[in-house]
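User: Could you walk me through this structure with me asking and you answering?

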Amino acid sequence: MASYEIRVLTADDVVAFHEARIEAVTNHPEAFLVDPAEERARSREQVAERLVSDENRFVLGALADGKVVGMVGFVRETRPKIRHKAFIWGTYVAPSVRGKGVGRALMVELMDRARTMDGLRLLGLSVMASNHQAAGLYESLGFKKWGVEPCALVVDGRDL
C-alpha cells in the first residue's frame, strides 16, 4: 500500500470526503444511518458543514494520493450535564487498505486527541454486532460492549 497521511479533514477535502462517504454508505448500508440516495443528494455546502472543526467536533481522514481511504468523526456533547461525553461516528476504511492498520491508526489518533480534552470522560461508539472485525478493533483499544439494540436499523426490509 502507498503511504497515507492522517489529519483533520477541512473544506478543501470536501470532494474526496464525499466520495468516500458515498462509497461507504453504498457498499455497507448496514453500517450507516444515512441512506445512499440521501448521501448522494447532499450539496457540497452540506458536506462541507460536516468538516467544520472546533473544540467539540472534527473528522479525521487517512489520505493516500489525495483520496480519502479511511475516516472517523468525533462529536462532543455541549450541554453542561453531558459535556463529559463524546461519540465516534462515520468510521470507514476502504476495502483496498483494510487489514493494514488504517482503522487502528485513525482510532488511536482520535483517542489521543480526546485524551487532551478537559473534562471528557466517556467516548462512545456504535457498531453492528455482525461487524466482528470492527468490534474486535474497538475491544482491542479498550472499548467495552454495554448493550445490544435490537432492530437498530432496517435496510431493504431487514431488521438489523
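What follows is a set of questions and answers on the sheet, one helix, the core, the charged pairs and two single residues.

User: Happy to start with the sheet. In what order do its 5 strands lie?

Analyst: Glad to help, and please keep in mind that this is a predicted model. The sheet is open and its pairing is mixed. Neighbouring strands are turned by 20° against each other on average, with direction ignored. The order of the strands is E1-E2-E3-E4-E5.

User: Which are the edge strands of this sheet?

Analyst: An edge strand here is one that pairs on one side only. In the open sheet, the order runs from E1 to E5. The edge strands are therefore the two that end this order, namely strand E1 (5-8) and strand E5 (122-124).

User: Now to the pair E3 and E4: how many bridges join them, and what is the bridge partner of glycine 73?

Analyst: Strand E3 covers residues 67-76 and strand E4 covers residues 85-93, and the two run antiparallel. They are joined by 6 bridges. The partner of glycine 73 sits in E4 and is tryptophan 89.

User: Let's look at helix H5. Within what arc do its buried residues fall?

Analyst: H5 spans residues 132-140, and its buried residues are Ala134, Ala135, Leu137 and Tyr138. Looking down the helix axis, you find that these buried residues line one face, because they fall within an arc of 160°.

User: And which exposed residues does the opposite face carry, the one turned away from the buried side of H5?

Analyst: The buried residues of H5 pack against E4 and helix H4 (102-115). The face turned away from that buried side carries exposed residues instead. They are His132, Gln133 and Glu139.

User: Which residue just after H5 takes a positive phi?

Analyst: Helix H5 covers residues 132-140. Just after this helix comes a residue with a phi of about 105°. That residue is glycine 142.

User: How many residues does the largest nonpolar core have?

Analyst: Nonpolar side chains tend to be buried together in soluble globular proteins. Here, helix H1 (14-27), strand E2 (57-64), E3, E4, H4 and H5 each supply at least two residues of the core. Phe17, Phe74, Met107, Leu110, Leu123 and Phe143 have the most contacts inside the core. Its total is 43 residues.

User: Which residues does leucine 110 touch, leaving out those up to four places away in sequence?

Analyst: Leucine 110 is among the residues with the most contacts inside the core. With residues up to four places away in sequence left out, the list for leucine 110 is Phe58, Leu60, Val72, Gly73, Phe74, Ile88 and Leu123.

User: On to charges. How far apart are the closest N and O atoms of arginine 21 and glutamate 39?

Analyst: Arginine 21 lies in helix H1 and glutamate 39 in helix H2 (residues 36-41), so this salt bridge ties together parts that are 18 residues apart in sequence. Arginine 21 counts as buried at 4% relative accessibility, and glutamate 39 counts as buried at 1%. The contacts of arginine 21 include Glu39, as well as Phe32, Met71 and Trp89. The closest N and O atoms of the pair are 3.3 Å apart.

User: Is arginine 79, which forms a salt bridge with glutamate 77, buried or exposed?

Analyst: The closest N and O atoms of this pair are 3.9 Å apart. Glutamate 77 counts as partly exposed at 33% relative accessibility. Arginine 79 has a relative accessible area of 55%, and because exposed means over 50%, arginine 79 is exposed.

User: What separates the closest N and O atoms of glutamate 109 and arginine 113?

Analyst: These residues are 4 apart in helix H4, which means about one helical turn lies between them. Glutamate 109 is partly exposed at 28%, and arginine 113 is partly exposed at 31%. The closest N and O atoms of their salt bridge are 2.9 Å apart.

User: Last one: which residues does serine 3 touch, not counting those up to four places away in sequence?

Analyst: Serine 3 is in the segment before E1 and is exposed, with a relative accessible area of 64%. Its C-alpha atom is separated by 14 Å from that of leucine 106, 103 residues apart along the chain. The residues that serine 3 touches are Leu63 and Ala64.

Notes. Residues numbered from 1 in each chain as written. Predicted model: local features only at pLDDT ≥ 70, side-chain atom pairs only at ≥ 80, totals over all residues. Heavy atoms only, no water. Axes fitted to C-alpha atoms, helices over the stretch in contact; angles between N-to-C directions. Buried < 20%, exposed > 50% of the residue type's maximum accessible area, 1.4 Å probe, protein only. Arc of directions from axis to C-beta. Contact = heavy atoms within 4.5 Å. Core = buried A, V, L, I, M, F, W, Y, C linked by side-chain atoms within 4.5 Å. Salt bridge = Lys/Arg side-chain N within 4 Å of Asp/Glu carboxyl O.
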